Amino acid sequence: MNRTIINSYLIGEFLKTFINIVLIFCCLGLIMNLFEEINFFKNYEVGILMPISLSLMVIPSILINLLPFILFLSSMVVFIKLKDNRDIIALKTFGFSNINFLILFSLASIFISIVILFVFNPLTSATVKYYEDIKGRYDLDKSHLASINSNGIWIREKDGNNINIIKSERLEGDQLINISIYKFNENYILSSRIDASEARISENPWILQNGRKIDFKKENIIEEFLTFKFESTFNVEKLNSIYSNLDTVSFFNLITNMESLVSKGYNPTLLTEKKHFYLSLPFFLVLMVCLASMFTLNTNDRKQNTYYILLSIIVCVIIFYFKNFSTALGTTEKIPIILSVW
């Protein structure tokens, strides 16, 4: 029998099983996330299409984070299918060994990871960003908003009858760098402006340093200051929450624009963790294939399939727990972040 035909058949079965498992997870994710979106939009007249479309936008990103578990289940299913059909026994008579199966499916998993990282991940990052932009338009607290773009950090907040528009070049630690604060009255007429080299926003009120205040209500009187207290509803934790969803940053962007992302205010530790999660993904998938093979290729007894499936899922959950625990140790700097991921 032609070895190429056998390899094509096995890889085809593996990829077909993988796609079926992905579709199952998509359906489950759609059902679970749809309830959350419907609950969010219960006070808006948007119809059912909006929650469905938003759920479809965010599900691909969730699937990437669950990819090792999905590929593990795919490997388990295809191994059991080949074993139940006696294909494994038949192929072993033609010289196939467990190592051959393992190498073939490992190469397929590496191919899947490359396609995910360089083709689908940029698309999912864009859809998650679009998802968050749409959800932000329906935020119930529209009087207090913050945004990060290529022009820096922008904050809009309501202060009594006044409205403050705050612009900063970037966030460094707990400080906003090169900050300008524009205060408008209820008629949207500019009443004052404050410029400062930096502002410490770890708590309220903010402490502005080395700046000046221009009062347009008093014939443009300019007041220089070394320190100035400014009351705001925002603090560093609230601003950092804007950067918390790194699913909006693609793998390619992490590799090519790491310094730019840090300069915009993204946490460098979290960026490093996310980048190495993507870099380690092909190896992680190969390990999950190996784990699946350990539970299925060592026996031909069909009666033990259910036992091995349950046991392997438990082991897989434990692996994910320790993976997340290790990552948490890295992000809290208990151990080096790169070591924690790998």
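## Close-up views of a predicted model

**View 1. Helix H9 and its bend.** Helix H9 bends by about 45 degrees at Leu-281, and a proline, Pro-282, follows within four residues. Please keep in mind, here and in every view below, that this is a predicted model. H9 covers residues 268-296, 29 residues in total. From its first C-alpha to its last, H9 reaches 41 Å, close to the 42 Å expected at 1.5 Å a residue. Is H9 mostly buried or exposed? Of its 29 residues, 21 are buried, so H9 is largely enclosed by the rest of the structure.

**View 2. Two aromatic neighbours in H9, and the cluster they join.** A search of the whole structure finds 11 aromatic pairs. In one of them, the ring centres of Phe-277 and Tyr-278 are 5.5 Å apart and the planes meet at 55 degrees, so this pair is tilted. Phe-277 has 8% relative accessibility and counts as buried, because the cut-off for that word is under 20%. Tyr-278, at 1% relative accessibility, also counts as buried. These two residues belong to a wider group: ring pairs link Phe-118, Phe-251, Phe-277 and Tyr-278 into a cluster.

**View 3. A second tilted pair, Phe-225 with Phe-228.** Here is another of the 11 aromatic pairs found in the whole structure. The rings of Phe-225 and Phe-228 lie 5.2 Å centre to centre, with 35 degrees between their planes, and the pair is tilted. Phe-225 is a buried residue, its relative accessible area being 9%.

**View 4. The second largest pocket.** Rolling a probe the size of a water molecule over the atoms shows where empty space is left. The second largest pocket has a volume of about 460 Å³. Its lining is made of 19 residues, and those closest to the pocket centre are Phe-18, Val-22, Leu-63, Ile-116 and Phe-120. Four helices each give two or more residues to this lining: H1 (3-40), H2 (49-65), H3 (67-84) and H5 (98-137). Which helix provides the largest share of the lining? That is H5, with eight residues. As for chemical character, the lining has 17 nonpolar residues, two polar ones and no charged ones.

**View 5. A cis peptide bond before Pro-205.** The peptide bond from Asn-204 to Pro-205 is cis, and its omega is near 0 degrees. Where should you look for Pro-205? This proline sits in the loop between strand S5 (190-200) and strand S6 (206-215).

**View 6. Two asparagines with positive phi.** Asn-178 is found in strand S4, which spans residues 175-184. Phi of Asn-178 is near 50 degrees, a positive value in a residue other than glycine. Asn-178 is partly exposed, with a relative accessible area of 40%. Turn now to Asn-210, which lies in strand S6. Phi of Asn-210 is near 55 degrees, again a positive value in a residue other than glycine. With a relative accessible area of 48%, Asn-210 is partly exposed.

**View 7. From Val-119 to Arg-212.** Val-119 is found in helix H5, the helix that also gives eight residues to the lining of the second largest pocket. At 44% relative accessibility, Val-119 counts as partly exposed. How many residues apart in sequence are Val-119 and Arg-212? They are 93 residues apart in sequence, and their C-alpha atoms are 49 Å apart in space.

Terms used. Residues are numbered from 1 along each chain as its sequence is written. This is a predicted model: local features need pLDDT of at least 70, side-chain atom pairs count only at pLDDT 80 or more; totals for chains, interfaces and linings use all residues. Side-chain values use heavy atoms; hydrogens and water are left out. The expected span of a helix is 1.5 Å times one less than its number of residues. The bend at a residue is the angle between axes fitted to the seven residues ending there and the seven starting there. Buried means under 20% relative accessible area, exposed over 50%, partly exposed in between (1.4 Å probe, protein chains only). On a 1 Å grid over the protein atoms alone, a cavity is a set of points where a 1.4 Å probe fits but cannot get out, and a pocket is an open set with protein on both sides within 12 Å along at least five of seven lines; lining residues have an atom within 4 Å of a point. Grid points are joined across faces, edges and corners, and a volume is the space filled by probe spheres set on the points. Ala, Val, Leu, Ile, Met, Phe, Trp, Tyr, Cys and Pro count as nonpolar, Asp, Glu, Lys and Arg as charged, and the others, Gly among them, as polar. Rings of Phe, Tyr and Trp (its six-membered ring) pair if their centres lie within 6.5 Å; planes under 30 degrees apart count as stacked, over 60 as edge-to-face and the rest as tilted.
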